[in-house]
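Me: Hey, can you help me look through a protein model? I'd like to start with charged pairs and then move on to the empty spaces.

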Amino acid sequence: MTTYCDYVRDHPEDTFNKDYHDNEYGYPLTDDSVLFERLVLEINQAGLSWITILKKKDNFRRAYDGFDVDKVARYSEKKIARLLADAGIIRNRLKVNAAIENARRIKGLRGGYGSFKGWLDTHHPLPLEEWTKLFKKTFVFTGGEIVKEFLMSTGYLPGAHEPDCPIYWKVARLQPAWTNGLRKATLIHYDEEHEHE
C-alpha cells in the first residue's frame, strides 16, 4: 500500500500535498482556531480528494473568518446563504452546518476543559475506536475516517509519517501527543546523527 510519504516522494510536482506533508501534517497544534480549521477541512474532505481541499484552504480561511470559533458559532442564516454561494469552498449544506454546530460545541467545552486543545489533552491517549465514539458523542459529522485523519494530522495519533521519512523526526522532535512513549534519548541520538544534514 502506498503511504502519504511515498506519494509525496514520488510526485514532486504535487506541490500542494508536498507543502502540507512537509510543513503541517502530523505537527502538534496548540491554537483552537487552527485545530478547528483542521476539523472543518477533514469534514469537508469526506467524499472528495484531499488536494481539492488543499487548493481551497485559503478560501476556507477567508470564508470562515480565519476559523475564529466564536465568530463561526454566531453565523446566521444570511451568512450560511453566503457560504453556500461561495464557489471558493465546498458548498454543501450539511458540511457548512457541521462547521457552525461544531464551533458551538467547542465553545461549550471551554467550561469544563478551557479549550478544544484542553479537551483533546484530557482524553489522550485513547485507542482510535474510543476516540471515534467520543467524537461522535461530542461533535457532528465525525465518522471514523474523519476522526482518524484529524487526530493523526494534529499529532494525537501516530502514523502521519513513516519512520524512514525525514519529516517523521522533524515532527517527533516537537513532541506531539503520540510521542509520549518515545524516549527523549531516541530523539537526541537522532539529532546528533543528523545535525549536519
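Me: How many salt bridges does a search of the whole structure find?

Reply: The search turns up 16 salt bridges. Keep in mind that this is a predicted model.

Me: OK, and what is the general idea behind a pair like that?

Reply: Side chains with opposite charges can pair when their charged atoms come close.

Me: Let's take one. Which residue forms a salt bridge with Asp22?

Reply: That's Lys18, and the closest N and O atoms of the two are 2.6 Å apart.

Me: Where do Asp22 and Lys18 lie?

Reply: Both are in helix H2, 4 residues apart, which is about one turn of the helix.

Me: Is Asp22 buried or exposed?

Reply: Asp22 counts as buried because its relative accessibility is 15%, and the cut-off for buried is under 20%. Its partner Lys18 has 36%, so Lys18 counts as partly exposed.

Me: What about Lys117 and Asp121, how far apart are N and O there?

Reply: The side chains of Lys117 and Asp121 meet in a salt bridge at 2.5 Å, N to O. Both residues sit in helix H8, which covers residues 116–123, and they are 4 residues apart, about one turn of the helix. Lys117 is partly exposed at 21% relative accessible area, and Asp121 is partly exposed too, at 35%.

Me: Which residues are linked in a network of salt bridges?

Reply: Asp6, Arg9 and Asp10 are linked that way. Within that group, the side chains of Arg9 and Asp10 meet at 3.4 Å, N to O. Arg9 is exposed, with a relative accessible area of 54%, while Asp10 is partly exposed at 45%.

Me: Now Glu42. Which side chain of opposite charge is nearest to it?

Reply: That would be Arg38, but it is 5.7 Å away, and Glu42 has no salt bridge even though it is buried. A salt bridge needs the nitrogen and the oxygen within 4 Å, so a gap of 5.7 Å doesn't qualify.

Me: Then what does Glu42 touch?

Reply: Glu42 lies in helix H3. Leaving out residues up to four places away in sequence, Glu42 touches Tyr20, Trp50, Ile146, Glu149, Phe150 and Ser153.

Me: Switching to empty spaces: what volume does the largest pocket have?

Reply: The largest pocket has a volume of about 430 Å³. It is lined by 19 residues, and the closest to its centre are Thr3, Tyr4, Tyr25, Glu149 and Met152. Glu149 is also one of the residues that Glu42 touches.

Me: Which helices supply at least two residues each to that lining?

Reply: Helices H1 (4–10), H2 (15–23), H3 (32–45), H4 (50–63) and H10 (144–153) each do.

Me: And how do the residues of the pocket lining divide by class?

Reply: There are 10 nonpolar, 5 polar and 4 charged residues in the lining of the largest pocket.

Me: Next, how many cavities of 30 Å³ or more does the structure hold?

Reply: It holds 1. The largest cavity has about 50 Å³ of space.

Me: What lines the largest cavity?

Reply: Its lining is Gly26, Gly159, Ala160, His161, Tyr168, Val171 and Trp178. By class, that makes 4 nonpolar, 3 polar and no charged residues.

How values were computed. Residues numbered from 1 in each chain as written. Predicted model: local features only at pLDDT ≥ 70, side-chain atom pairs only at ≥ 80, totals over all residues. Heavy atoms only, no water. 1 Å grid on protein atoms, 1.4 Å probe; cavity = no way out; pocket = protein on both sides within 12 Å on 5 of 7 lines; lining within 4 Å. Points joined across faces, edges and corners; volume = space filled by probe spheres on them. Nonpolar A, V, L, I, M, F, W, Y, C, P; charged D, E, K, R; others polar. Buried < 20%, exposed > 50% of the residue type's maximum accessible area, 1.4 Å probe, protein only. Lys, Arg positive; Asp, Glu negative; His and termini not counted. Contact = heavy atoms within 4.5 Å.
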